[in-house]
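User: Could you take me through the packing of this model, one question at a time?

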Amino acid sequence: MTGSTAVPEAVLRMRELAHSAACAAAIRAAARLGVADAVGDAPVAVADLARDVGADADALERLVRALQCYGVFTLTPDGLVAHTPFSRLLREDAPRGLKYNALWATEPWSWEVLGRLDEAVRTGKSVFPGLHGKEFFSYLHEDAPASSEVFDKAMTQSSRLSAQAIADALDLAGAGRVADIAGGQGHVLSTLMERHPALHGILLDLPDVVAGADPRLREGGGLAGRATLVPGDCRREVPVDADVYLLKNILEWDDESTLRTLRNVARAARPGARVVVMENLVDGSPEMKFTTAMDLLLLLNVGGKKHTRAGLLGLIERAGLRVDDIRPVNSYLHLVESTVCAS
């Protein structure tokens with residue numbers, strides 16, 4: 001198109017951005033229907049695919065056509081659906097799968113809070129309690145068990161994506177005991193223990209989270225003899241003694257809670273113990289679209305934030321820790337090495 005009939009590129013792009021929620025919704029629908037699992041190595045007819053996933057054939061074709069615009073699946077003119085590298089990430093058996101991350105980002109509560117972002121920006125506070133009458137994680141565990149399960153699986157997928165990179169980046173020479181603070185199911189800890197056969201690992205997290213820890217760490221598991229599972233809340237107390245304390249993607253509450261957690265670690269640790277913080281920074285990251293989106297969701301849900309480099313280092317130092325080094329682990333995660341100072 002030329003002349004007065006041409007639509008400016010900025011208009012085209014802004015129109016796409018304004019309707020981008022439809023892309024997220026389409027990804028969620030495909031994940032919930034199991035479309036990626038039903039498409040094999042060979043292209044499959046839409047009618048056959050619809051039968052396999054229990055969907056209306058015409059509606060499914062429209063869904064795939066929409067996703068194809070974003071590189072998720074391909075749809076041939078004769079109605080065959082095939083995988084792309086993006087769509088394969090929605091498979092249950094994908095080695096670097098993101099199915100549960102996609103579901104977590106599009107849970108029902110996410111649409112509710114995103115519509116109130118202007119309110120959160122005006123007040124600087126979470127909108128979640130006003131919508132549901134309770135704090136985010138209380139709601140998740142008490143009122144939305146299915147969403148809580150999705151969260152656990154999403155966190156496990158995220159840990160699997162980063163565990164090997166963390167193990168490569170972290171020097172544990174001379175360390176006998178490593179404590180993973182609020183470490184979820186303990187996938188990162190298990191990876192480190194497998195990498196270092198003499199290492200003893202301690203997993204601290206909420207009681208119901210620890211109860212569902214990585215099978216390798218639980219009784220009968222291959223690492224159980226070197227593992228200690230400790231139920232607790234790191235924002236209240238860190239009742240463990242270790243040479244190295246790991247805090248991965250947990251310092252995302254308000255600054256007061258973050259500082260309290262760091263001080264709890266510093267109080268529990270011996271002088272000279274190492275505290276390793278791993279976070280997504282909102283500056284200096286190649287994955288800024290992902291990190292800033294997570295930053296806004298943290299504001300909406302818990303009044304938290306993703307940190308700037310200077311902001312995170314400032315909190316670590318205010319907790320009485322000496323920052324020794326900061327370096328990237330992968331495209332979205334930074335590692336901060338610090339030491340507990342003598343009181």
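The questions below go through a helix, a sheet, the cores and some single residues.

Analyst: This is a predicted model, in which local features need pLDDT of at least 70 and side-chain atom pairs count only at pLDDT 80 or more, while totals for chains, interfaces and linings use all residues. Residues are numbered from 1 along each chain as its sequence is written, and side-chain values use heavy atoms, with hydrogens and water left out.

User: On which side or sides of H5 do its buried residues lie, and over what arc around the axis?
Analyst: Helices (H or I, at least four residues) and strands (E, at least two) are DSSP runs numbered from the N terminus, and buried means under 20% relative accessible area, exposed over 50%, and partly exposed in between, with a 1.4 Å probe and protein chains only. In H5 (residues 57-68) the buried residues are Leu60, Leu63, Val64 and Leu67. Because the arc, taken from the directions from the helix axis to the C-beta atoms, is so limited, they lie on the same side of H5, covering only 95°.

User: Which elements help to cover the buried residues of H5?
Analyst: Contact here means heavy atoms within 4.5 Å. The cover of these residues includes helix H2 (21-33), helix H3 (35-38), helix H4 (46-53), strand S2 (74-75) and strand S3 (80-82).

User: In the open sheet of three strands, which are the edge strands?
Analyst: Two strands pair if DSSP finds at least two bridges between them, and the three strands here run in the order S1-S3-S2 with antiparallel pairing. S2 and S3 are joined over two bridges, and Thr74 has Ala82 in S3 as its bridge partner. Strands that pair on one side only are the edges, and these are S1 (44-45) and S2.

User: Which residues touch the most other members of the largest nonpolar core?
Analyst: A nonpolar core is a set of buried Ala, Val, Leu, Ile, Met, Phe, Trp, Tyr and Cys residues joined through side-chain atoms within 4.5 Å. The largest has 32 residues, and those touching the most other members are Ile181, Tyr245, Leu247, Leu262 and Val277.

User: Which residues does Leu262 contact, leaving aside its neighbours within four places in sequence?
Analyst: Leu262 is one of the residues that touch the most other members of the largest core. With those neighbours set aside, its contacts are Leu247, Leu251, Val277, Leu315, Ile316, Ala319 and Leu321.

User: Is Arg263 buried, partly exposed or exposed?
Analyst: Arg263 is found in helix H15, where, beyond its neighbours within four places in sequence, it is in contact with Arg318 and Ala319. Its relative accessibility is 35%, so Arg263 counts as partly exposed.

User: What is the relative accessible area of Asn264?
Analyst: Asn264 lies in helix H15 (residues 255-268) and, not counting residues up to four places away in sequence, touches Cys234, Arg235, Arg236, Glu237 and Val238. Asn264 counts as buried because its relative accessible area is 7%.

User: How far from a polar side-chain atom of His307 does the backbone oxygen of Leu251 lie?
Analyst: His307 sits in the loop between helix H16 (288-302) and H17, and is buried, with a relative accessible area of 3%. Its contacts, leaving aside neighbours within four places in sequence, include Leu251, Asp255, Thr258 and Asn280. The distance from the backbone oxygen of Leu251 to a polar atom of the His307 side chain is 2.6 Å.

Terms used:
Polar contact = N/O pair within 3.5 Å; in protein donor to acceptor, adjacent residues only side chain to side chain.
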